[in-house]
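Work through the exercises below with the sequence and the model open. Each task is followed by a solution in steps.

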Amino acid sequence: MARPFRNFPGVLAIAVVVAGWNSPYEDAHAAAGAPFLPHQALYELKLLKSRGSNAINNARGRILYNFSGSPCEGYTSEFRQVSELDSGEGKVTLSDLRSTSWEDGSGNSYRFKIDARNNDNDSSPVDGIAERSGDHITVKLKQPEAKTFTLDGSVVFPTEQIQRIIAAGKEGKSVLELTVYDGSDNGQKVYNTLSVIGQPIKGDKAMSSPDPSITNEQMRSLTRWPVTVSYYDRDAKSTDGEQTPVYAMQFELFENGVSRALVLDYNDFVIAGALGKFDVKDAKPCK
């Protein structure tokens with residue numbers, strides 16, 4: 001999932017990498033256990049609250065998210081968000097954000113294309129590939145400019161990030177710190193993330209406001225966890241020893257990677273994302 005209205009950190013691939021691959025993350029894969037569910041999800045966005053000096057009068061939009069793939073062929077995520085932000089006095093920003101990414105089953109290769117457009121302004125494309133080799137990751141960008149640079153090998157990609165959160169939840173851990181690269185902003189940003197994982201919610205627990213994920217036959221028996229992920233700019237300097245996150249995302253994460261009940265916090269305003277439509281897609285098992 002991603003943050004709307006701006007070029008963003010956190011294109012969270014809603015997927016799980018299963019066990020059985022020879023990679024640096026084999027233990028985490030085994031802890032996750034279940035494969036991710038190929039699916040399409042539609043989230044309806046609305047303004048939850050506005051705070052600070054940059055008050056927002058209204059916000060609305062939609063996120064359409066497609067996830068498919070398997071451990072043997074890798075995982076593909078397609079994301080589109082169209083949203084409208086009203087800051088008052090006739091100032092309305094229409095945002096169209098699209099991204100496509102592919103991550104292999106071992107968490108060693110990541111390809112991404114991101115395109116953001118506000119109102120009638122020119123788009124801001126980002127296009128690149130990141131490859132893990134030994135103790136480092138090599139990133140090769142085509143856009144916004146041709147550039148090659150390296151990252152520390154401890155950095156994880158988005159699908160691996162979600163997989164590790166699920167594994168931590170199953171192990172009873174409440175806090176998880178990861179450094180994440182997803183190609184957002186100009187393709188050169190790396191984010192320190194802090195995930196806070198709540199107590200598991202069993203699938204048989206009644207809900208006052210069920211959505212399509214809860215009523216789906218394949219989902220209703222699954223465990224999920226309330227999760228908050230805060231994104232920090234790794235290159236920003238903290239003041240008074242405490243750094244403010246540039247963005248935070250709350251959601252309930254199922255053990256098969258599906259996400260519901262989104263809350264997207266941009267400091268100045270907060271957006272709620274309700275799951276309005278949910279469709280399970282055919283899975284292609286590894287041969």
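The exercises that follow deal with salt bridges, ring contacts and a pocket in this predicted model.

**Exercise 1. A salt bridge between strands**

Task: Decide whether Asp96 and Arg80 form a salt bridge, locate both residues in the chain, and classify each as buried, partly exposed or exposed.

Solution:
- The test asks for a side-chain nitrogen of Lys or Arg within 4 Å of a carboxyl oxygen of Asp or Glu.
- For Asp96 and Arg80 the N to O distance is 2.8 Å, and the side chains meet in a salt bridge.
- Asp96 belongs to strand 4 (residues 92–103) and Arg80 to strand 3 (residues 74–86); with their positions 16 residues apart, the pair links distant parts of the chain.
- The cut-off for buried is under 20% relative accessible area, and exposed means over 50%.
- Asp96 counts as buried because its relative accessibility is 19%.
- Arg80, at 35%, counts as partly exposed.

**Exercise 2. Two further salt bridges**

Task: Compare the setting of the salt bridge Glu217 to Arg220 with that of Arg260 to Glu252.

Solution:
- In the bridge of Glu217 with Arg220, the closest N and O atoms are 3.8 Å apart.
- Glu217 has 60% relative accessibility and therefore counts as exposed.
- Arg220 has a relative accessible area of 40%, so this residue is partly exposed.
- In the bridge of Arg260 with Glu252, the closest N and O atoms are 2.7 Å apart.
- Arg260 is buried at 6% relative accessibility, and Glu252 is buried at 16%.
- Arg260 and Glu252 also belong to a network with Asp211 and Arg224, joined through salt bridges that share partners.
- Over the whole structure, the search finds 13 salt bridges.

**Exercise 3. Ring pairs around Phe67**

Task: Assign a geometry to the pair Phe36 and Phe67 and to the pair Phe67 and Tyr75.

Solution:
- The total for the model is 10 aromatic pairs.
- Phe36 and Phe67 have ring centres 6.0 Å apart and planes at 75 degrees, and this pair is edge-to-face.
- Phe36 sits in the loop between helix 1 (26–32) and strand 1 (39–50), while Phe67 is in strand 2 (residues 58–70); the two are 31 residues apart.
- Phe36 and Phe67 are both buried.
- The rings of Phe67 and Tyr75 have centres 5.5 Å apart and planes at 15 degrees, so this pair is stacked.
- Tyr75 is buried, as is Phe67.

**Exercise 4. A ring cluster and charges over rings**

Task: Which residues are linked into a cluster by ring pairs, and over which rings do Arg111 and Arg132 lie?

Solution:
- Ring pairs join Tyr191, Tyr231, Tyr247, Tyr266 and Phe269 into a cluster.
- Arg111 lies over the face of Trp102, 4.3 Å from the ring centre.
- The charged end of Arg132 is placed over the ring of Phe157, at 5.3 Å from its centre.

**Exercise 5. The largest pocket**

Task: Give the volume of the largest pocket and describe its lining.

Solution:
- The volume of the largest pocket is about 160 Å³.
- Its lining has 14 residues, and those nearest the pocket centre are Pro35, Phe36, Gly69, Ser70 and Ala283.
- By class, the lining consists of 10 nonpolar, two polar and two charged residues.
- Phe36 thus appears in two exercises: as a residue near the centre in the lining of the largest pocket, and as the edge-to-face partner of Phe67.

Conventions. Residues are numbered from 1 along each chain as its sequence is written. This is a predicted model: local features need pLDDT of at least 70, side-chain atom pairs count only at pLDDT 80 or more; totals for chains, interfaces and linings use all residues. Side-chain values use heavy atoms; hydrogens and water are left out. Helices (H or I, at least four residues) and strands (E, at least two) are DSSP runs, numbered from the N terminus. Buried means under 20% relative accessible area, exposed over 50%, partly exposed in between (1.4 Å probe, protein chains only). Rings of Phe, Tyr and Trp (its six-membered ring) pair if their centres lie within 6.5 Å; planes under 30 degrees apart count as stacked, over 60 as edge-to-face and the rest as tilted. A charge sits over a ring if NZ of Lys or CZ of Arg is within 6 Å of the ring centre and within 35 degrees of the ring normal. On a 1 Å grid over the protein atoms alone, a cavity is a set of points where a 1.4 Å probe fits but cannot get out, and a pocket is an open set with protein on both sides within 12 Å along at least five of seven lines; lining residues have an atom within 4 Å of a point. Grid points are joined across faces, edges and corners, and a volume is the space filled by probe spheres set on the points. Ala, Val, Leu, Ile, Met, Phe, Trp, Tyr, Cys and Pro count as nonpolar, Asp, Glu, Lys and Arg as charged, and the others, Gly among them, as polar.
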